[in-house]
Amino acid sequence: MSYNHILAETQGPVGIIRLNRPQALNALCQELTEEMGEVLKQYEADDAIGCIVITGSEKSFAAGADIKEMQSRDYMDVYKSDFITATWEEVTRCRKPVIAAVAGYALGGGCELAMMCDFIIAADNAKFGQPEINLGTIPGAGGTQRLTRFVGKSKAMEMCLTGRMMDAEEAERAGLVSRIVPLADLEAEALKAANSIAAKSMPVVMMAKESVNKSYEMTLREGIMFERRVFHSTFATEDQKEGMAAFAEKRKPEFKNR
(Lines give C-alpha, C1' and ligand atoms only; values in the text may rest on other atoms or scores of the structure.)
Protein backbone atom coordinates (compact mmCIF):
# COMPACT_ATOMS: atom_id res chain seq x y z
CA MET A 1 0.00 0.00 0.00
CA SER A 2 1.26 3.49 -0.83
CA TYR A 3 1.20 6.44 1.54
CA ASN A 4 1.51 10.19 1.05
CA HIS A 5 4.05 11.00 3.77
CA ILE A 6 5.83 7.77 4.69
CA LEU A 7 7.51 4.86 2.96
CA ALA A 8 6.88 1.43 4.46
CA GLU A 9 8.71 -1.78 3.65
CA THR A 10 9.85 -5.00 5.23
CA GLN A 11 13.29 -6.55 5.03
CA GLY A 12 13.03 -10.07 6.36
CA PRO A 13 11.79 -9.88 9.96
CA VAL A 14 12.22 -6.09 10.18
CA GLY A 15 9.51 -3.55 9.43
CA ILE A 16 10.80 -0.16 8.28
CA ILE A 17 8.96 3.17 8.37
CA ARG A 18 10.67 6.06 6.61
CA LEU A 19 9.26 9.53 7.19
CA ASN A 20 8.96 11.10 3.74
CA ARG A 21 8.06 14.79 3.62
CA PRO A 22 11.34 16.13 2.19
CA GLN A 23 9.88 19.52 1.33
CA ALA A 24 9.10 20.06 5.03
CA LEU A 25 12.12 18.30 6.58
CA ASN A 26 9.72 15.51 7.58
CA ALA A 27 7.63 17.77 9.79
CA LEU A 28 4.96 15.71 11.52
CA CYS A 29 1.57 16.60 10.09
CA GLN A 30 -1.67 14.91 11.10
CA GLU A 31 -1.81 12.70 8.02
CA LEU A 32 1.77 11.50 8.52
CA THR A 33 1.11 10.46 12.12
CA GLU A 34 -2.07 8.67 11.05
CA GLU A 35 -0.19 6.78 8.32
CA MET A 36 2.62 5.89 10.70
CA GLY A 37 0.14 4.62 13.28
CA GLU A 38 -1.61 2.47 10.69
CA VAL A 39 1.65 0.82 9.60
CA LEU A 40 2.78 0.30 13.19
CA LYS A 41 -0.45 -1.59 13.89
CA GLN A 42 0.15 -3.74 10.81
CA TYR A 43 3.69 -4.59 11.87
CA GLU A 44 2.57 -5.26 15.43
CA ALA A 45 -0.03 -7.76 14.18
CA ASP A 46 2.34 -9.50 11.74
CA ASP A 47 3.97 -12.54 13.34
CA ALA A 48 6.73 -12.42 10.72
CA ILE A 49 7.94 -9.03 12.00
CA GLY A 50 10.19 -9.11 15.05
CA CYS A 51 11.43 -5.52 15.22
CA ILE A 52 10.57 -2.11 13.75
CA VAL A 53 12.83 0.73 12.59
CA ILE A 54 11.64 4.32 12.20
CA THR A 55 13.92 6.64 10.26
CA GLY A 56 13.90 9.74 8.07
CA SER A 57 16.33 11.23 5.57
CA GLU A 58 20.02 12.02 5.85
CA LYS A 59 19.13 15.66 6.43
CA SER A 60 16.26 15.30 8.84
CA PHE A 61 14.65 12.61 10.98
CA ALA A 62 11.79 14.99 11.71
CA ALA A 63 12.17 18.73 12.21
CA GLY A 64 9.18 19.00 14.53
CA ALA A 65 5.44 19.22 14.23
CA ASP A 66 3.92 20.95 11.21
CA ILE A 67 3.61 24.53 12.50
CA LYS A 68 1.61 25.73 9.50
CA GLU A 69 -0.97 23.06 10.25
CA MET A 70 -1.11 23.95 13.95
CA GLN A 71 -0.98 27.74 14.02
CA SER A 72 -4.68 28.40 13.40
CA ARG A 73 -5.97 25.90 15.95
CA ASP A 74 -7.47 27.10 19.23
CA TYR A 75 -7.73 25.59 22.68
CA MET A 76 -11.10 23.89 22.30
CA ASP A 77 -10.03 22.45 18.96
CA VAL A 78 -6.86 20.78 20.26
CA TYR A 79 -8.50 19.76 23.53
CA LYS A 80 -11.63 18.19 22.04
CA SER A 81 -9.70 16.42 19.28
CA ASP A 82 -7.15 15.19 21.85
CA PHE A 83 -4.38 16.52 19.62
CA ILE A 84 -1.18 14.46 19.76
CA THR A 85 -2.66 11.75 22.00
CA ALA A 86 -5.08 10.60 19.31
CA THR A 87 -2.55 9.75 16.60
CA TRP A 88 1.07 10.36 17.65
CA GLU A 89 1.51 7.79 20.38
CA GLU A 90 0.90 4.49 18.59
CA VAL A 91 4.62 3.78 18.83
CA THR A 92 4.37 3.76 22.63
CA ARG A 93 1.72 1.04 22.41
CA CYS A 94 3.90 -1.34 20.41
CA ARG A 95 4.96 -4.43 22.32
CA LYS A 96 7.58 -5.22 19.70
CA PRO A 97 10.82 -3.23 19.94
CA VAL A 98 11.02 -0.01 17.93
CA ILE A 99 14.39 1.52 17.01
CA ALA A 100 14.78 5.17 15.99
CA ALA A 101 17.54 5.61 13.40
CA VAL A 102 18.18 9.35 13.53
CA ALA A 103 20.15 11.46 11.07
CA GLY A 104 20.05 15.23 10.83
CA TYR A 105 17.43 17.19 12.72
CA ALA A 106 15.29 15.60 15.43
CA LEU A 107 13.63 18.68 16.84
CA GLY A 108 10.43 19.27 18.79
CA GLY A 109 8.02 16.51 17.85
CA GLY A 110 10.83 14.76 16.00
CA CYS A 111 12.90 14.52 19.15
CA GLU A 112 9.82 13.40 21.06
CA LEU A 113 9.03 10.72 18.47
CA ALA A 114 12.60 9.41 18.70
CA MET A 115 12.29 9.27 22.49
CA MET A 116 9.04 7.28 22.20
CA CYS A 117 11.04 4.52 20.51
CA ASP A 118 12.86 1.94 22.61
CA PHE A 119 16.31 3.23 21.78
CA ILE A 120 17.99 5.65 19.41
CA ILE A 121 20.90 4.98 17.09
CA ALA A 122 22.22 8.35 15.92
CA ALA A 123 24.22 9.31 12.85
CA ASP A 124 27.17 11.57 13.49
CA ASN A 125 25.26 14.53 11.99
CA ALA A 126 22.22 14.17 14.29
CA LYS A 127 20.95 17.17 16.25
CA PHE A 128 18.33 16.98 19.00
CA GLY A 129 16.31 19.78 20.54
CA GLN A 130 13.03 21.03 21.98
CA PRO A 131 12.69 24.53 20.44
CA GLU A 132 8.98 25.02 21.20
CA ILE A 133 9.76 27.90 23.57
CA ASN A 134 10.74 29.96 20.52
CA LEU A 135 7.18 29.56 19.21
CA GLY A 136 5.47 30.66 22.41
CA THR A 137 4.54 27.17 23.53
CA ILE A 138 6.06 24.15 25.26
CA PRO A 139 6.74 20.54 24.24
CA GLY A 140 3.47 18.61 24.05
CA ALA A 141 4.45 15.07 23.09
CA GLY A 142 6.57 14.20 26.11
CA GLY A 143 9.52 16.55 25.70
CA THR A 144 9.48 17.87 29.26
CA GLN A 145 8.96 14.36 30.63
CA ARG A 146 10.94 11.85 28.58
CA LEU A 147 13.86 14.20 27.97
CA THR A 148 14.19 14.81 31.71
CA ARG A 149 14.24 11.07 32.35
CA PHE A 150 16.90 10.56 29.69
CA VAL A 151 19.30 13.42 30.38
CA GLY A 152 18.39 14.75 33.85
CA LYS A 153 16.64 17.89 35.05
CA SER A 154 19.40 20.44 34.48
CA LYS A 155 20.08 19.65 30.83
CA ALA A 156 16.40 19.11 30.01
CA MET A 157 15.49 22.40 31.69
CA GLU A 158 18.16 24.27 29.76
CA MET A 159 17.06 22.80 26.44
CA CYS A 160 13.36 23.42 27.03
CA LEU A 161 13.91 27.00 28.25
CA THR A 162 16.47 28.07 25.64
CA GLY A 163 15.62 25.89 22.67
CA ARG A 164 19.28 24.92 22.33
CA MET A 165 20.13 21.90 20.20
CA MET A 166 22.57 19.18 21.26
CA ASP A 167 24.71 17.32 18.77
CA ALA A 168 25.12 13.56 18.58
CA GLU A 169 28.20 13.43 20.81
CA GLU A 170 26.51 15.39 23.59
CA ALA A 171 23.37 13.28 23.20
CA GLU A 172 25.38 10.10 23.65
CA ARG A 173 27.23 11.47 26.69
CA ALA A 174 23.91 12.52 28.22
CA GLY A 175 22.31 9.11 27.67
CA LEU A 176 19.77 10.19 25.07
CA VAL A 177 21.14 7.90 22.34
CA SER A 178 22.54 4.40 22.66
CA ARG A 179 25.40 4.99 20.23
CA ILE A 180 26.66 7.05 17.29
CA VAL A 181 27.54 5.65 13.88
CA PRO A 182 28.79 7.28 10.67
CA LEU A 183 25.95 8.70 8.59
CA ALA A 184 26.69 6.31 5.73
CA ASP A 185 26.32 3.34 8.09
CA LEU A 186 23.18 4.42 9.95
CA GLU A 187 20.58 2.32 8.18
CA ALA A 188 22.81 -0.75 8.00
CA GLU A 189 23.60 -0.52 11.72
CA ALA A 190 19.93 -0.04 12.64
CA LEU A 191 18.95 -3.04 10.52
CA LYS A 192 21.75 -5.09 12.05
CA ALA A 193 20.44 -4.32 15.55
CA ALA A 194 16.84 -4.97 14.48
CA ASN A 195 17.72 -8.32 12.90
CA SER A 196 19.61 -9.31 16.03
CA ILE A 197 16.52 -8.59 18.13
CA ALA A 198 14.20 -10.32 15.67
CA ALA A 199 16.32 -13.49 15.90
CA LYS A 200 15.54 -13.80 19.61
CA SER A 201 12.41 -15.26 21.21
CA MET A 202 9.70 -12.67 20.56
CA PRO A 203 7.71 -13.34 23.76
CA VAL A 204 10.88 -13.01 25.82
CA VAL A 205 11.91 -9.85 23.95
CA MET A 206 8.52 -8.38 24.80
CA MET A 207 8.99 -9.34 28.45
CA ALA A 208 12.42 -7.70 28.55
CA LYS A 209 11.06 -4.52 26.94
CA GLU A 210 8.18 -4.36 29.40
CA SER A 211 10.51 -4.90 32.36
CA VAL A 212 12.91 -2.13 31.34
CA ASN A 213 9.99 0.27 30.77
CA LYS A 214 8.62 -0.52 34.23
CA SER A 215 11.85 0.81 35.76
CA TYR A 216 10.62 4.33 34.98
CA GLU A 217 7.30 3.81 36.72
CA MET A 218 8.11 1.87 39.89
CA THR A 219 10.29 2.09 42.94
CA LEU A 220 13.42 -0.06 42.82
CA ARG A 221 11.89 -2.64 45.17
CA GLU A 222 8.69 -2.87 43.10
CA GLY A 223 10.66 -3.00 39.86
CA ILE A 224 12.92 -5.79 41.09
CA MET A 225 9.89 -7.82 42.13
CA PHE A 226 8.24 -7.22 38.73
CA GLU A 227 11.42 -8.32 36.98
CA ARG A 228 11.74 -11.38 39.22
CA ARG A 229 8.22 -12.58 38.46
CA VAL A 230 8.66 -12.04 34.72
CA PHE A 231 11.99 -13.87 34.90
CA HIS A 232 10.24 -16.74 36.66
CA SER A 233 7.55 -16.78 33.96
CA THR A 234 10.12 -17.31 31.18
CA PHE A 235 10.62 -20.79 32.61
CA ALA A 236 7.13 -21.63 31.35
CA THR A 237 8.17 -20.98 27.73
CA GLU A 238 9.48 -23.47 25.20
CA ASP A 239 12.06 -20.91 24.08
CA GLN A 240 13.71 -20.77 27.50
CA LYS A 241 14.12 -24.54 27.42
CA GLU A 242 15.52 -24.38 23.88
CA GLY A 243 17.84 -21.46 24.65
CA MET A 244 19.43 -23.10 27.66
CA ALA A 245 19.64 -26.50 25.97
CA ALA A 246 21.35 -24.90 22.96
CA PHE A 247 23.85 -23.18 25.25
CA ALA A 248 24.66 -26.42 27.04
CA GLU A 249 24.98 -28.25 23.72
CA LYS A 250 27.09 -25.45 22.19
CA ARG A 251 24.77 -24.85 19.25
CA LYS A 252 22.64 -22.00 17.94
CA PRO A 253 19.13 -21.94 19.46
CA GLU A 254 16.09 -22.37 17.27
CA PHE A 255 13.42 -20.23 18.88
CA LYS A 256 9.78 -20.85 18.00
CA ASN A 257 8.28 -17.84 19.78
CA ARG A 258 6.46 -20.06 22.22
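1. Let's start with the hairpin in this predicted model. Strands β1 and β2 form it, with two residues between them. One residue to look at in the turn is Gly 12, which has a positive phi of about 60 degrees.

2. The two arms of that hairpin, β1 (residues 6-11) and β2, run antiparallel and are joined by six bridges. If you would like a landmark for the pairing, find Ile 6, which stands opposite Leu 19 in β2.

3. Strand β2 also pairs with β3 (residues 51-55), here in the parallel sense and over five bridges. A handy landmark for this pairing is Ile 17, whose bridge partner in β3 is Ile 54.

4. Is β2 enclosed or open? Strand β2 covers residues 14-19, and six of its six residues are buried, so the strand is largely enclosed by the rest of the structure.

5. Which way do the residues of β2 point? In a regular strand, side chains alternate between the two faces of the sheet. Here, Val 14, Ile 16 and Arg 18 point one way, while Gly 15, Ile 17 and Leu 19 point the other way. Residues on both sides are buried, and that includes Arg 18.

6. Now for the surface. Asp 124, Asp 167, Glu 169, Glu 172 and Asp 185 gather there in a patch of negative charge. Among them, Glu 169 has its place in helix α7 (residues 168-174). Glu 169 counts as exposed because its relative accessible area is 53%, and the cut-off for exposed is over 50%.

Notes
Residues numbered from 1 in each chain as written. Predicted model: local features only at pLDDT ≥ 70, side-chain atom pairs only at ≥ 80, totals over all residues. Heavy atoms only, no water. Patch = residues over 30% accessible without salt bridge, like charges linked within 9 Å, V, L, I, M, F, W, Y side chains within 5 Å. Areas by Shrake-Rupley, 256 points an atom, 1.4 Å probe, with all protein chains shown as cover. Salt bridge = Lys/Arg side-chain N within 4 Å of Asp/Glu carboxyl O. Lys, Arg positive; Asp, Glu negative; His and termini not counted. Charge placed at Lys NZ, Arg CZ, Asp CG, Glu CD. Helix = DSSP H or I, 4+ residues; strand = E, 2+ residues; numbered from the N terminus. Buried < 20%, exposed > 50% of the residue type's maximum accessible area, 1.4 Å probe, protein only. Pairing = 2+ DSSP bridges.
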